[in-house]
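Here is a friendly tour of a structure you may not have met before. Take a look at it first, and then we'll walk through it together.

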Amino acid sequence: MFALARLCLVSLLLALAAPAAAQVREDELSEFSEKLEIGISTDEISITSDFRGADLTIFGAIDGFDEKLLAQGKYSIIVTLEGPKEHATVRRKERVFGIWVNTRSMTFELVPESYSLSSTRDIETIAPPGELGNMGIGVDHMRLVPLGFVGDGSNLGEFRNAFRRIRETSGVYQRDPGGVRFISSSLFRASVRLPANVPNGVHVVRAYLFRDGLFVAAKALPLTVVKTGLEQAITRAAHDQPLIYGLFAVLLAVITGWGASLLFRKE
Amino acid sequence: MTVYLPIAELSVNILIILGMGAAVGFLSGMFGVGGGFLITPLLIFYNIPPVVAVATGANQVVASSISGAITHFRRGTIDIKLGTVLLCGGLVGATLGVWLFSLLRRVGQLDLVISLLYVVLLGSVGGLMLWESIGAMRKAAKNQSTPRRRPGQHNWIHGLPLKMRFKKSKIYLSVIPVATLGFAIGILTSIMGVGGGFIMVPAMIYLLRIPTSVVVGTSLFQIVFVSAYTVIVQASTNYTVDIVLAFVLMIAGVIGAQYGVRVGQRLRGEQLRALLALLVLAVGIRLAIELIIPPKDIYSVVSAGFGF
């Protein structure tokens with residue numbers, strides 16, 4: 001926690017002073033004069049085994065803004081933290097001969113394993129649903145493309161809703177309308193939540209700037225999440241050296257079983 | 001006090017896991033069973049993903065069976081030749097079982113198949129044991145001696161070809177039923193995380209007519225190797241062996257077993273069997289209820305991990 005707090009402080013200084021090392025420019029051609037800059041002080045986060053979730057703070061600034069529009073509060077910002085993408089299968093149970101059986105399933109193509117969203121206000125009031133849908137911003141507008149044959153697609157909606165509901169109740173998909181705050185006229189601070197079961201891998205921090213419902217600019221930064229500690233070493237061993245891991249598991253069982261019988265025989 | 005299980009990907013209360021391991025160890029020591037058929041369902045009741053519970057249960061079986069196997073080996077009550085034939089069938093069965101396990105997991109029916117197998121096996125074995133032990137208790141009350149089975153009796157199994165002489169068991173028997181039995185137990189080990197002793201021992205005594213003196217040792221010999229093999233194959237194909245969970249269970253289990261043995265020696269055989277039968281039936285019924293009552297959420301999501 002202290003480490004994170006320090007990290008935030010450092011990033012604030014960096015954002016104020018000069019372009020930080022981790023800053024990535026993603027200049028986009030647009031007719032707008034506004035530009036968006038964001039910074040986090042590190043591109044890697046180590047998570048120890050007692051990790052219970054944390055808040056990540058991202059600082060950013062709007063450049064080339066219109067004073068009048070800013071004063072009227074016409075600028076809105078959405079910041080997301082998207083986890084690594086995997087295929088996800090949703091299954092539906094039905095009663096068959098008295099017992100509950102998974103009967104239908106649908107696999108969605110490459111959806112993020114975690115997703116946290118912060119915004120200056122409720123995203124539905126920032127931009128029209130069509131715009132959010134096109135850009136895939138927010139859990140409700142996230143692209144959920146089914147993989148393979150889905151028949152007439154009549155149950156696509158229910159599977160999509162179930163997916164969103166389960167991911168939100170389990171806490172890996174979160175939203176915080178109010179998590180982005182302006183700390184000066186054009187400088188903002190966003191906090192996004194890293195869930196306790198945050199997946200390993202490359203996450204992407206994205207910031208979007210909207211002006212009066214229109215998309216203006218976006219910026220993305222990669223953030224690598226690495227779990228550390230004994231548990232992580234075990235997970236890595238299980239996946240990278242599965243045969244040795246299996247042999248070790250058996251050896252441990254042999255030693256425990258045999259050892260106990262020797263120990264208790266002497267009594 | 002919680003401990004994070006790296007493979008199951010969840011935090012559990014270590015005291016509950018220790019308690020579970022000790023209780024099952026105690027019962028397995030008391031009844032002389034491996035305890036795999038109790039530990040796996042208990043883990044599932046405690047929300048450990050069934051894929052992890054099964055593979056980790058097999059690891060626990062290795063620990064709980066090894067000391068018994070060594071004792072029998074020292075006493076010379078293992079028919080190594082017979083055990084090897086069983087083992088050959090067992091390894092093939094376990095390989096097929098792990099393959100089936102992966103297949104069922106892919107199509108999303110693994111949890112159902114595990115539960116159904118448990119309900120059917122625990123229900124039938126528990127029912128038969130209860131029936132038999134109540135009969136024995138009645139007869140004991142009436143002071144009648146139970147009719148002893150004649151080992152010389154032959155059935156159709158003894159007419160099969162490919163006969164082999166098993167010197168230690170003093171038996172001349174076809175390898176086909178022996179390897180088939182091993183094969184079936186191997187499948188159960190890899191899909192259910194059980195050693196299979198509770199099926200193998202009666203099958204060896206009543207179907208194959210193998211002398212009781214070598215049955216337990218020989219079945220333990222097969223169980224140790226088949227479950228060790230299953231752990232290794234599960235670890236390398238499904239990555240579902242949770243070594244932290246297995247270790248906590250093992251430690252508690254082997255200690256609990258030592259005390260279970262002492263209590264078991266004070267109880268009468270048929271009383272023990274009736275108690276074990278009730279326990280087996282209770283676990284089976286609990287699993288059956290789980291299948292019948294409407295689930296909290298009819299939808300579930302699975303991704304690279306085990307889902308939530």
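Helices (H or I, at least four residues) and strands (E, at least two) are DSSP runs, numbered from the N terminus. Before going on, keep in mind that this is a predicted model, where local features need pLDDT of at least 70, side-chain atom pairs count only at pLDDT 80 or more, and totals for chains, interfaces and linings use all residues. Residues are numbered from 1 along each chain as its sequence is written, chains are lettered from A and ligands numbered from 1 in the order in which they are written, and side-chain values use heavy atoms, with hydrogens and water left out.

**The two chains**

Let's put the chains next to each other. In the table, buried means under 20% relative accessible area, with exposed over 50% and partly exposed in between (1.4 Å probe, protein chains only). Exposed areas come from the Shrake-Rupley method with a 1.4 Å probe; for residues, only the protein chains shown count as cover.

| Chain | Helices and strands | Buried residues | Exposed area |
|---|---|---|---|
| Chain A | seven helices, 12 strands | 48% of 267 residues | about 13400 Å², 57% from carbon and sulfur atoms |
| Chain B | 10 helices, five strands | 53% of 308 residues | about 13700 Å², 67% from carbon and sulfur atoms |

A contact here means heavy atoms within 4.5 Å. Take the contacts in chain B between residues at least 6 apart in sequence: 78% of them join residues at least 24 apart. In chain A, residues 24 or more positions apart make up 71% of the contacts with a separation of 6 or more.

**Chain B as a whole**

How does the radius of gyration of chain B sit with that of a compact globule? The rule used is 2.2 Å times the number of residues to the power 0.38, and the radius is taken over C-alpha atoms. For 308 residues that puts a compact globule near 19 Å, and chain B agrees, at 20 Å. Along the principal axes, the C-alpha atoms of chain B fill a box of roughly 55 × 45 × 40 Å.

Charges come next, with Lys and Arg counted as positive and Asp and Glu as negative, while His and the chain ends are not counted. Each charge is placed at NZ of Lys, CZ of Arg, CG of Asp or CD of Glu. On that basis chain B carries 23 positive and 8 negative side chains, and the centres of the two sets are 20 Å apart.

The UniProt record (an unreviewed entry) lists "transmembrane region" features in chain B, including residues 82-101 and 171-200. Its positions are given in the numbering used here, feature names are shortened, and annotations may be inferred rather than shown by experiment. Residues 82-101 of chain B are 100% helix and 0% strand, with end C-alpha atoms 28 Å apart. Residues 171-200 of chain B are 73% helix and 13% strand, and there the end C-alpha atoms lie 17 Å apart.

**Helix α7 and two positive phi values**

Helix α7 of chain B covers residues 197-207, and its buried residues are B:G197, B:F198, B:I199, B:M200, B:A203 and B:M204. What do they pack against? Their partners in chain B are α2 (36-45), α4 (80-107), α5 (110-141), α6 (175-192) and α8 (212-237).

After α7(B) comes B:R209, which sits in the loop between α7 and α8 of chain B. Its phi is positive, about 60°, although B:R209 is not a glycine. Most residues other than glycine have a negative phi. B:N47 also has a positive phi, near 70°, and lies in the loop between α2 and α3 (50-75) of chain B. Are these two buried or exposed? B:N47 counts as exposed because its relative accessibility is 63%, whereas B:R209, at 18%, counts as buried.

**A few spots in chain A**

A:P112 belongs to strand β6 (residues 99-112) of chain A and, at 4% relative accessibility, is buried. Leaving out residues up to four places away in sequence, A:P112 touches A:E82, A:G83, A:P84, A:K85, A:M142, A:R167 and A:Y173.

A:P177 is in strand β8 (residues 173-177) of chain A. Its C-alpha atom is 5.0 Å from that of A:S119, though the two are 58 residues apart along the chain. With the same neighbours in sequence left out, A:P177 touches A:S119, A:R121 and A:D122.

Finally, A:G153 is in the loop between α4 (129-135) and α5 (156-169) of chain A, and its 24% relative accessibility makes A:G153 partly exposed. The C-alpha atoms of A:G153 and A:F188 are 42 Å apart, with their positions 35 residues apart along the chain.
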